[in-house]
Amino acid sequence: MSLPRYASLDVGSNTVRLLIAERMAGGEIRPLRVERSITRLGGNFSTEGNLDESAMGRTLKTLSAFADLLKREGLENIFAVTTGVLREAKNGKAFIERVFKRTGLSLRLVSGEEEACLMLKGVLWSLKDQTATQIVADVGGWSTEVLWVEGHKPKKTRSVQLGTVALAERFLREDPPRPPELEFLERFTKEVLKEMREGFEREGLAVEDLHSQLVGTAGSITTLAAIDQELLVYDPPKINGYRISRPALEEIYLRLRALPIKERRNVPGLEKGREDLIVAGAVVVLQLLEVFGLEGLVVSDSGLLEGVLLDGLEQGAYSA
């Protein structure tokens, strides 16, 4: 007798990701297939606050292919969410309707706080020993979700406008970026994160109680782990739980920012399609470490995508 199969779908501002998994007899989840495609939905976001037509087209094409795949899988349920840029795009609702009409997939738009809590479910699923008071972060394409976690419970959550797509398009105009561009990016990122830290402290949270390592997930962070290991092929077991020291991250950042995009493509471990974003991603990670006085990074290969599946199975509240 075959085990029931389920899927989760994460339509982000840079990447669309799909997970197909089966539920074991004891309730455990066993991943069967993971697909991802960089479509850059948040790219060329207009000054009027609208999604770019080409970006929507790329994303619709990927979602159509994923929908065809899902139809062949005999799934019990599909849990699909969208995040980031669609929270502020004026034509975001119309795009979600286009997705449904073309693919039959019903996307649930989640808030920044919901996204953070779903991400934490996925992180704790793969890093089960994370019980200390700590900062957990998801550096995405349009925003960064940050949680203050005590034990396995989120004490506070914040979603800030520090996404790699938005930051790269706003600050990094030259190739490679000029020092003034990098300085502006670093200063802006630090100011946003300092304001977050001060907010945590005003609410009675003590930064000195934090574990010394940031726990991080999503594409920029997993890519930094792959680069540090010089992985020619992405290998989730080598990423999950991997630790990177702050000096090692600084070294990677200095190396990447000095390279033109064309040369960055040859860096072992750097995912194709992320070469123009990884510098901005590294800045966000390094500023998180600096602002919160942390020594390094623990990487989770699991995050929002897995959290959406786990939450969907727990709640049964939304599906496609």
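Strands β6 and β7 make a hairpin, with four residues between them. (Strands here are DSSP runs of E with at least two residues, helices are runs of H or I with at least four, and both are numbered from the N terminus.) β6 covers residues 134-139, and its pairing with β7 is antiparallel, over six bridges. Two strands count as paired if DSSP finds at least two bridges between them. Across this hairpin, Ile135 sits opposite Trp148 in β7.

Before going on, a word on where this comes from. The model is predicted, so to speak of local features takes a pLDDT of at least 70, and side-chain atom pairs count only at pLDDT 80 or more, while totals for chains, interfaces and linings use all residues. Residues are numbered from 1 along each chain as its sequence is written, and side-chain values use heavy atoms, with hydrogens and water left out.

Back to β7, which has a partner on its other hairpin too. β7 and β8 (residues 153-160) run antiparallel and share seven bridges, with Leu147 opposite Thr157 in β8. Two residues separate β7 from β8 in this hairpin, and Gly151 in the turn has a positive phi of about 65 degrees. How enclosed is β7? Six of the seven residues of β7 (residues 144-150) are buried, so the rest of the structure largely encloses this strand. Buried means under 20% relative accessible area, exposed means over 50%, and partly exposed is in between (1.4 Å probe, protein chains only).**The open sheet**

Another set of strands forms an open sheet: five of them, in the order β3-β2-β1-β4-β5, with mixed pairing. The edge strands are β3 (29-38) and β5 (108-109), each of which pairs on one side only. β2 and β3 pair in the antiparallel sense over nine bridges. One pair to look for is Arg17 with Arg36, its bridge partner in β3.

Two residues of the sheet are worth a closer look. Val16 belongs to β2 (residues 15-23), and Val16 counts as buried because its relative accessibility is 0%. What does Val16 touch? Neighbours within four places in sequence aside, its contacts include Leu9, Asp10, Val11, Glu35, Arg36, Thr62, Leu63 and Phe66. Contact means heavy atoms within 4.5 Å. Gly293 is 277 residues away from Val16 in sequence, and their C-alpha atoms are 33 Å apart in space.

Thr82 lies in β4 (residues 77-82). Thr82 also has 0% relative accessibility, so Thr82 counts as buried. Not counting residues up to four places away in sequence, Thr82 is in contact with Val11, Ile96, Leu107, Arg108, Leu109 and Val110.

**Backbone oddities**

Most residues other than glycine have a negative phi, and most peptide bonds are trans. Where does this chain have a cis peptide bond? A cis bond joins Asp175 and Pro176, with omega at about -5 degrees. Pro176 is in the loop between α4 (164-171) and α5 (179-202).

Arg40 and Asn44 each have a positive phi without being glycine. Arg40 is placed in the loop between β3 and α1 (53-71), and Asn44 is likewise in the loop between β3 and α1. Are these two buried or exposed? Arg40 counts as buried, whereas Asn44 is exposed. Here they are side by side:

| Residue | Phi | Relative accessible area |
|---|---|---|
| Arg40 | about 50 degrees | 14% |
| Asn44 | near 55 degrees | 53% |

**The whole protein**

Now step back. The protein has 11 helices and 11 strands. Its radius of gyration, taken over C-alpha atoms, is 19 Å, close to the 20 Å that the globule rule gives for 320 residues, so the protein is as compact as a globular protein of that length. (The globule rule is 2.2 Å times the number of residues to the power 0.38.) Along the principal axes, the C-alpha atoms fill a box of roughly 55 × 45 × 40 Å.

How much of the protein is buried? Of the 320 residues, 54% are buried. Among contacts with a separation of 6 or more, 70% are between residues 24 or more positions apart.

On the outside, the protein exposes about 14300 Å², and carbon and sulfur atoms supply 47% of that. These areas come from the Shrake-Rupley method with a 1.4 Å probe; for residues, only the protein chains shown count as cover.

As for charge, there are 42 positive and 47 negative side chains, and the centres of the two sets lie 4 Å apart. Lys and Arg count as positive and Asp and Glu as negative, while His and the chain ends are not counted. Each charge is placed at NZ of Lys, CZ of Arg, CG of Asp or CD of Glu.
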